[in-house]
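Please look through the sequence and the model before reading on. The paragraphs below go from open pockets to an enclosed cavity, then to the packing of helices, and end with two details of the backbone.

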Amino acid sequence: LHPRTQVGTMSPAIALAFLPLVVTLLVRYRHYFRLLVGTVLLRSLRDCLSGLRIEERAFSYVLTHALPGDPGHILTTLDHWSSHCEYLSHMGPVKGQILMRLVEEKAPACVLELGTYCGYSTLLIARALPPGGRLLTVERDPRTAAVAEKLIRLAGFDEHMVELIVGSSEEVISCLRTQYQLSRADLVLLIHRPRCYLRDLQLLEAHALLPAGATVLADHVLFPGAPRFLQYAKSCGRYRCRLYHTGLPGFPAIKDGIAQLTYAGPG
């Protein structure tokens with residue numbers, strides 16, 4: 001009789017040999033592991049158990065803990081929810097201060113935001129707009145947009161000041177001039193999908209929506225990263241670039257950043 005061969009087994013000695021490597025990887029990348037667990041595994045479980053998305057759960061918390069008509073208190077409440085209840089994947093207070101300072105400095109007459117999400121960055125921009133300023137914010141997911149709409153109105157901003165458009169950024173950009181009477185965007189915030197940043201920037205150029213001197217801000221350019229967008233902005237000769245280094249909100253050890261582009265014109 002031939003001895004039975006065992007398939008798919010590993011000797012304890014080999015397993016122990018890999019143990020230091022596994023421990024080293026877990027320690028080195030523990031922040032990414034925590035992020036994965038919090039934003040994918042636990043979030044999916046809570047979505048299934050509650051029947052609500054995280055933005056909807058966060059808005060319910062805001063309704064019971066924040067002061068209506070006070071955007072600052074609503075933002076602080078969202079920050080508290082994200083740090084003490086569930087990680088929200090929002091811009092956060094550190095990046096938020098950078099955004100508000102730039103909006104106040106540039107005093108744009110019209111701002112275009114691509115990626116409303118829960119409305120956090122929308123409130124930051126709206127708070128810092130000059131008198132008579134207008135903000136158009138674009139969100140492709142109708143269910144997420146419904147939450148953001150309620151948050152924006154709860155904060156006290158009406159549709160004349162903040163208009164939320166539901167649709168993909170690619171489709172909306174092409175009809176901003178004709179359908180939404182937007183002839184120029186003095187400041188643009190890209191905060192939707194980093195892989196779409198370059199495409200949408202080039203669409204804004206092609207439709208002549210960026211005046212000379214316009215500011216383009218792009219979040220998450222280091223994590224998860226937008227290398228093609230940054231390479232284009234630095235090499236095409238039409239932008240002056242500056243990078244603000246930050247940590248990921250809630251995970252300061254994970255390095256991220258906001259890119260600030262100043263448009264020099266078509267050239």
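In sorting residues by class, Ala, Val, Leu, Ile, Met, Phe, Trp, Tyr, Cys and Pro count as nonpolar, Asp, Glu, Lys and Arg count as charged, and the others, Gly among them, count as polar. With these classes, the lining of the second largest pocket divides into 11 nonpolar, 9 polar and 5 charged residues. The structure is a predicted model, and every value given here was computed from it.

The second largest pocket has a volume of about 400 Å³. It is lined by 25 residues, and those closest to its centre are Ser82, Tyr87, Pro249, Gly250 and Phe251. Two or more lining residues come from each of H2, H4, helix H5 (92-106), strand S6 (239-248) and strand S7 (251-263), and among the elements it is H2 that gives the most to this lining, with 6 residues.

The largest pocket has a volume of about 990 Å³. Which residues lie nearest the centre of the largest pocket? They are Ser89, Tyr117, Ile191, His192 and His220, out of a lining of 35 residues. The elements that give two or more residues to this lining are helix H2 (30-50), helix H6 (120-128), strand S2 (134-139), helix H8 (169-174) and helix H11 (221-225). Here too H2 gives the most, although its part in the lining of the largest pocket is 3 residues. By class, the residues that line the largest pocket are 14 nonpolar, 12 polar and 9 charged.

We turn now from open pockets to enclosed space. Rolling a probe the size of a water molecule over the atoms shows where empty space is left. When the whole structure is searched, 1 cavity of 30 Å³ or more is found, and the volume of the largest cavity is about 30 Å³. Its lining is made by Glu55, Ala58, Phe59, Leu78, Cys118, Val147 and Leu151. At least two of these residues are supplied by H3 and at least two by helix H7 (142-154), with the largest share, 3 residues, coming from H3. The lining of the largest cavity holds 6 nonpolar residues, no polar ones and 1 charged one.

Since H3 and H7 both appear in that lining, the next step is to see how these helices pack. The angle between H3 and H7 is about 20 degrees, and their axes are 10 Å apart. Angles under 35 degrees count as roughly parallel, and therefore H3 is roughly parallel to H7. On the side of H3, the contact is made by Glu55, Glu56, Phe59, Val62 and Leu63, while H7 brings Arg143, Thr144, Val147, Lys150, Leu151 and Leu154. The residues of this contact are 6 nonpolar, 1 polar and 4 charged. The crossing of H3 and H7 is left-handed.

Helix H3 (residues 54-65) also packs with helix H4 (residues 71-84), at an angle of about 125 degrees and with their axes 10 Å apart. This angle makes H3 oblique to H4. The contact joins Ile54, Arg57, Ala58, Tyr61, Val62 and His65 of H3 with His73, Ile74, Thr77, Leu78, His80 and Trp81 of H4. Sorted by class, the contact of H3 with H4 has 7 nonpolar, 4 polar and 1 charged residues. The crossing of H3 and H4 is right-handed. Some residues can be followed from one feature to another: Ala58 and Leu78, which take part in the contact of H3 with H4, are also among the residues that line the largest cavity.

Two details of the backbone remain. Most residues other than glycine have a negative phi, and most peptide bonds are trans. Against this background, the bond that joins Phe223 and Pro224 is a cis peptide bond, with omega about 0 degrees, and Pro224 lies in helix H11. Gln181, a residue other than glycine, has a positive phi, near 55 degrees. Where is Gln181 found? Gln181 is in the loop between helix H9 (176-179) and strand S4 (187-190).

Methods:
Residues numbered from 1 in each chain as written. Predicted model: local features only at pLDDT ≥ 70, side-chain atom pairs only at ≥ 80, totals over all residues. Heavy atoms only, no water. Axes fitted to C-alpha atoms, helices over the stretch in contact; angles between N-to-C directions. Helix = DSSP H or I, 4+ residues; strand = E, 2+ residues; numbered from the N terminus. Parallel < 35°, antiparallel > 145°, perpendicular 65-115°, else oblique. Left-handed = near helix turned anticlockwise from the far one by under 90°. Contact = heavy atoms within 4.5 Å. 1 Å grid on protein atoms, 1.4 Å probe; cavity = no way out; pocket = protein on both sides within 12 Å on 5 of 7 lines; lining within 4 Å. Points joined across faces, edges and corners; volume = space filled by probe spheres on them.
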